[in-house]
Amino acid sequence: MMDIRSNEPFWLVKNGIKHAYPSLRESATCEVLVVGAGITGALMAHALIKKGYDTILIDKREIAYGSTSATTSMLQYEIDVPLYQLKELIGEQGAIASYKACRDAIYKLENLVQEIGSECSFEKKESVYFAGKSKDVAWLKKEYEARKLAGFEVKWLEKKEIKAIYGLLAEGAILSAEGGSVDAFCLAHDLIHYNVEKGLKVFDKTALKKVKYEKNGVTVLLDTGAEIKAGKIIYCTGYETQNMLPDKVVDLKSTYAMISERGDVHEKICEHTLFWNTDKPYLYMRTTDEGRMLVGGEDENFKNAIRRDLLLNKKRDKLMKTLKKYLPETKFIEDFCWCGTFGETKDGLPYIGAHPKFADSYFLLGFGGNGITFSVTGADMITEMMEGRPDLLSHYFRFQR
């Protein structure tokens, strides 16, 4: 089992065990088997139950104990590759459609939270993408123009404005009206619990050992000795999926995060704003519903979990130093610090859809800084694909692109 987070992330401590599920000990059948019960699998299962599919959801860990427990859950339409660069990589139509899908996903998520009555602290927020160095201002302005031309609600902020409004020391910034934040661990649990009451069958501590791809569906052998016969299988297994794919689709990265004590002192407007910058690796910041400041970054190539974890204190100190550089008036007293693993793709886009090597299978692999918004989009995309209605984005998010 791949270790994709370390120490106890804040969300696990905050939420505790929201809901418990059994392991699967007896063989079962279903129309669709979803593998991976993080936020992606929870969203996928919700979309399937809504469409009336008999669905089983399994996870080898406790529910949402993988990357979902370590995410900082910033909801942005901005993809890791800037819009003006993505247009050059995949063309204007695909680039703008990808950005707009992420924007629309924030609104879909807002409606979903209301629909299921989740207590996941979802909040709409503005987003500030800032240049910490003067050399980044020129291309950031180019990005601002590309977004404005594409119809996004953006505004350019000069150095003095940024300081006056946020207390942030930056050379220039794009202010986007559309963003958000959420407690993804809580939302995943609330989604799954909601759908269990509608017929979803859920089993944790249930690991997939082998999959037999047969003429009409798949037979999945589990580590518990049981098996599941399913018409279709959907992998929502994130970065660990690379281990089963014949082609390399993602580079693994280690990322580090820390969160302040309650009562952190910062500008009040920061509580309604997401921050991230143009540095490589970039710094990202937001507050929680309790007013804590959450800061992350210091990403580097993932070697192994032991090496990643050994760097935790060093990375925390560097994050603290960077935070003070940009927000010098902020009083930040660390309460929790953790790290996790995520993946980057060559174009910042997810992999969503079928793979030619796997029959009766679909993959929903969010990847990058937009894992949650890509998962919202992808859950709808896959249910449409299953019914023979692939959309425009299925071309841009395909394997072997």
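Trainee: Which residues in α8 are buried?

Mentor: In this predicted model, the buried residues of α8 are Ala184, Phe185, Cys186, Leu187, Ala188, His189, Asp190, Leu191, Ile192 and Asn195.

Trainee: What makes α8 "mostly covered"?

Mentor: Of the 13 residues in α8, 10 are buried. To earn that word, a residue needs a relative accessible area under 20%.

Trainee: How do you know that the span of α8 is close to the one expected?

Mentor: Try it with the rule. The expected span is 1.5 Å times one less than the number of residues. For the 13 residues of α8 that comes to 18 Å, and the helix reaches 18 Å from its first C-alpha to its last.

Trainee: Why are α5 and α8 called oblique to each other?

Mentor: Their axes cross at roughly 55°. Roughly parallel needs an angle under 35 degrees, and roughly perpendicular runs from 65 to 115. The angle of roughly 55° fits neither class, so α5 and α8 are oblique. Their axes also come within 10 Å, and the crossing is left-handed.

Trainee: Which residues of α5 and α8 meet there?

Mentor: From α5 (residues 92–116) come Leu109, Leu112, Val113, Glu115 and Ile116, and they meet Leu187, Asp190, Leu191 and Tyr194 of α8. Sorted by class, this contact has seven nonpolar, no polar and two charged residues. Asp and Glu count as charged, so Glu115 and Asp190 belong in that class.

Trainee: Now to another pair. Why is α4 called roughly perpendicular to α6?

Mentor: Helix α4 (residues 83–90) and helix α6 (residues 137–149) pack at an angle of about 75°, and their axes are 8 Å apart. The class for roughly perpendicular covers 65 to 115 degrees, so α4 is roughly perpendicular to α6.

Trainee: Which residues make that contact?

Mentor: Leu83, Tyr84, Lys87 and Glu88 of α4 make it with Trp139, Lys142, Glu143, Ala146 and Arg147 of α6. By class, the contact of α4 with α6 has four nonpolar, no polar and five charged residues.

Trainee: Why is Cys102 called buried?

Mentor: Cys102 lies in helix α5. Its relative accessible area is 0%. Buried means under 20%, so Cys102 is buried.

Trainee: What does Cys102 touch, leaving out residues up to four places away in sequence?

Mentor: Cys102 touches Gln76, Tyr77, Ile79, Asn370, Thr373 and Phe374. Take Thr373 as an example: Cys102 and Thr373 are 271 residues apart in sequence, yet 5.3 Å apart in space, C-alpha to C-alpha.

How values were computed
Residues numbered from 1 in each chain as written. Predicted model: local features only at pLDDT ≥ 70, side-chain atom pairs only at ≥ 80, totals over all residues. Heavy atoms only, no water. Axes fitted to C-alpha atoms, helices over the stretch in contact; angles between N-to-C directions. Helix = DSSP H or I, 4+ residues; strand = E, 2+ residues; numbered from the N terminus. Parallel < 35°, antiparallel > 145°, perpendicular 65-115°, else oblique. Left-handed = near helix turned anticlockwise from the far one by under 90°. Contact = heavy atoms within 4.5 Å. Buried < 20%, exposed > 50% of the residue type's maximum accessible area, 1.4 Å probe, protein only.
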